[in-house]
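Visitor: I would like a close look at a single part of this structure. Please start from one residue on the surface and then say how the rest of the picture is built around it.

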Amino acid sequence: SFLWLTVLVFTQPQFSGSFLVGRPDHHSLVMALLIVQLAWLYAYFDRRAGFRWTCAAGVAAGLQMITSVEALVSVLVVAAALAFGWLFCRQRTLATLTVYLLACVLTMAGWLVLTQPQDFFHLAYDRISIVHIVALTCGGIAIAALAAADARGWFEGRMIRSAAALTLAVALSGSVTALWFPDFFRGPWPHLDPVVMTWHRKINELQPLLPTDWSSTAQFFAQLTAPLLSIPLILSRVRKGSQPFLLPSLIGLVVFGAIALFQMRWSAEVQAATLLPWTLTTRQIMRSPRALRIGQSALPLRAFALGGALLLQMVPAELARARPTAFAGSGACSWKAASESLQAMRLRNEIILTSLWRGPEILWRTSLRVIGGPYEIAPALSDTMSFEKGDERNARRIIEQRSVNFVLVCDAEDTGDFVDRLRRGSAPGWLQPVGLPGSPAGFRLYRVN
């Protein structure tokens, strides 16, 4: 079953794409930490994980928050799974949730103390700050109070009282957070620089997954077919109470799935949360005794059913590949080859200006520095886009301000008024063409005079 689950990972495009070999990116760390928490939840609801694993899961949640503040959604999914486990499955999960939140808060606070002690009380929403520490601490205190009351038997056999107390605890902690930090519930993005917001509109994985035309419909089914096909099994097992460990999958599907309709990249979390029930669903198909009887012979239908279930996702995935992506290009440029050529030049600590999308690749494979990467750093985004699309005078100003040593462009990918000149080889006198070792196809390298 585990081997089959591993195979099915590669049928989930957004989830498996987080772990592409040779693609240095923070998404792989975020997804790995989410998997750790899901694995702990499954084991916990199956009564195979105790206090130490709860602490480890809380630390993983804190590290995920440190990596990307949007991991707050993952923390809320875990919290909701444990809270509903207490409310509907009558399991003693509130103390566990308290420990989980405490470990998460301590991890974040420790990170801020070690790395940014001078900014510990600085308010920020697009990265972890005292805002998120206070918000999760308020939630932890409210849950701890519920756990103490539950330990005294106040909620024994009283579903309505339990639901009312849980609602009150959530409302109180949310109200305190909103009172101190009224912008908290606007999320991280409304506080971003307008330059970053403009850049976001150019990224396909940040666009809605809600099907509105043929292309978006293909993308919708490419990302969510497996989660949708897993719903009957999840609902059946959770409703019967035979497998409460699928409760996290149900909540993850609802929460992550709703957000994915507005931003496609959240489909990776949906696929991660439903990977186990999708595995169980396909196993059930493979064990089905249903057959087509022709006379005395019986033709098992399980192979056709399994193939059809897999094709329902794989066919739309192939159709969706034709949709332009943020990495659009003819494919003529091999950035790995270009990075290896730059490394062969033995350049160290020089600054190179190139496509934002390729910054991490160059940082990973060379000793060069870059202006920016595909991250929400407004000055880097602004300068790179201004260099690409502005005129020569503007490009020279950015080169001087940033102390740039080299400029690298790809004939197939870079676009913009000034970059178009460089692609044609019509560079100003202050940019000197330089040959790349091995002459990787489609690239032009210029040295700043």
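Guide: Leu-319 counts as partly exposed because its relative accessible area is 44%; buried means under 20%, exposed over 50%, and partly exposed in between, with a 1.4 Å probe and protein chains only. This is a predicted model, in which local features need pLDDT of at least 70 and side-chain atom pairs count only at pLDDT 80 or more, while totals for chains, interfaces and linings use all residues. Residues are numbered from 1 along each chain as its sequence is written, and side-chain values use heavy atoms, with hydrogens and water left out.

Leu-319 lies in helix 14; helices (H or I, at least four residues) and strands (E, at least two) are DSSP runs numbered from the N terminus. On the surface, Leu-319 joins Trp-214, Leu-311, Met-314 and Val-315 in a nonpolar patch, and together they have about 540 Å² of accessible area. Areas come from the Shrake-Rupley method with a 1.4 Å probe, and for residues only the protein chains shown count as cover. Patch members have over 30% relative accessible area and no salt bridge; like charges are joined within 9 Å, and nonpolar side chains (Val, Leu, Ile, Met, Phe, Trp, Tyr) within 5 Å. A salt bridge is a side-chain nitrogen of Lys or Arg within 4 Å of a carboxyl oxygen of Asp or Glu. Helix 14, residues 302–320, gives the patch its largest share, four residues.

Next comes the disulfide. A search of the whole structure finds one, where a disulfide is a pair of cysteine sulfur atoms within 2.5 Å. Cys-333 and Cys-410 form this link, with their sulfur atoms 1.7 Å apart. Cys-333 is in the loop between helix 14 and helix 15 (335–344), whereas Cys-410 is in strand 5, so the pair links distant parts of the chain, 77 residues apart. The link of Cys-333 and Cys-410 is right-handed, with 100° about the S-S bond. Both Cys-333 and Cys-410 are buried. Cys-104, by contrast, is in no disulfide, and the nearest cysteine sulfur, that of Cys-55, is 12 Å away. Cys-104 counts as buried because its relative accessible area is 0%.

Strand 5 also leads to a residue with an unusual backbone angle. Ser-403 sits in the loop between helix 18 (392–402) and strand 5 (406–410). Its phi is near 55°, a positive value in a residue other than glycine. Ser-403 is partly exposed, at 47% relative accessible area.
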